[in-house]
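Visitor: Could you take me through one part of this model at close range, and then follow the thread to whatever belongs beside it? I'd like the cut-offs behind your terms as we go.

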Amino acid sequence: TYDGLTATFSVNVELAAKLTVKNLPSKLQYLYGDSLNVAGGFITVTKENGTSFDLAINSSMVSGYSSTTLGEQTLAVSYGGISTNFSIKVVDFTSSIVMATLPAKLSYLYGTNLELTNASITATQASGAKIIVPVTPEMVSGYQSTKLGIQVVTVTYDNRQTAFSVLVSDYTTKVALKSLPAKLSYLYGDALNVANGVLTVTKAS
C-alpha cells in the first residue's frame, strides 16, 4: 500500500512436515545449575514437498530444560510449528566438604601408621543435599609418621578439601649404661650414690 493505493503479489508457503535430529548437541550431560548449551546440534527439516534442509539448533528453539532438576530430561526442539526431541542429563556435584566426625585416634607414636576409624565428612551438594562419606586412606594426604609434632592431614573428596590435625610424639626404644656410677662399693647403711653414672637413651626418631 502506498499513497492510498494497494498492489498485491503471491508467495508460496511450504510448511515443515517433519523434524529429525541430525546431530546431537556436543553437551548432553550438565552439572546442577549449568546453562543450556546446544552448540553442535543440527536438525533436518523436511518440507511437505519432500525437500529438506539442515538447520543449526539454537536455544530459542529448545524447551523443557531445567538446570535444577536432577536426572534425565527430554527436551523439545521446535521449528515451523512441529517438534522433535532429544535427551540430556543433569547431575549433582559436591560444592563443599567439612569433617563430620574426627578419627578416633589423633595422637601417634613416631613411626605409627595413620588410623581413620570413625572418620567421616559431610559433603554438601550443589542442590543443597548433604551426604555423609566415610574417610578412606585414598582420600588423605600430608601425614608423615616420621615427622614429630602437630601435622595437618588433608582430606580430598570430589575435588574439594578439608583437614584435621594429629600429633606425632617420640618415645624411648632403648636405655643403656654409658658409664657406671663412681661408687660401686658400699658399707652397710650407706646411702645410694649414683654420681657420674650416665645412661644412653635411644629414641624412636
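**A closer look at the sheets**

Guide: Let's start with a single facing pair: Ile97 has Ala123 of strand 10 opposite it. Before we go on, please note that this model is predicted, with local features requiring pLDDT of at least 70 and side-chain atom pairs counted only at pLDDT 80 or more, while totals for chains, interfaces and linings use all residues. Residues are numbered from 1 along each chain as its sequence is written, and side-chain values use heavy atoms, with hydrogens and water left out.

Strands here are DSSP runs of E, at least two residues long, numbered from the N terminus, and two of them pair if DSSP finds at least two bridges between them. Strand 8 and strand 10 (residues 120-125) run antiparallel and are joined by 6 bridges. They belong to an open sheet of 3 strands, ordered 8-10-11, with antiparallel pairing. Strand 8 (94-101) and strand 11 (130-134) are its edge strands, and each pairs on one side only. From one strand to the next, the twist averages 30°; axes for such angles are lines fitted to C-alpha atoms, and angles run from 0 to 180 degrees between N-to-C directions.

Now to another open sheet, where 3 strands pair antiparallel in the order 1-3-4. Strand 1 (16-23) and strand 4 (52-56) each have a single partner strand, so one side of each is left without a neighbour in the sheet. Neighbouring strands in this sheet are turned by 25° against each other on average, direction ignored. Strand 3 (residues 42-47) pairs with strand 4 over 5 bridges, in the antiparallel sense. Thr44 faces Asp54 in strand 4.

The rings come next. Rings of Phe, Tyr and Trp (its six-membered ring) pair if their centres lie within 6.5 Å; planes under 30 degrees apart count as stacked, over 60 as edge-to-face and the rest as tilted. By this rule there are 3 aromatic pairs. One of them is Tyr30 with Tyr65: the ring centres are 5.2 Å apart and the planes stand at 50°, so the pair is tilted. It links distant parts of the chain, 35 residues apart, with Tyr30 in strand 2 (residues 29-31) and Tyr65 in the loop between strand 5 (62-63) and strand 6 (71-79). Tyr30 and Tyr65 are buried, meaning under 20% relative accessible area, with exposed over 50% and partly exposed in between (1.4 Å probe, protein chains only).

Tyr108 and Tyr143 have ring centres 5.5 Å apart and planes at 55°, so this pair is tilted. Both Tyr108 and Tyr143 are buried.

Methods: Helices (H or I, at least four residues) and strands (E, at least two) are DSSP runs, numbered from the N terminus.
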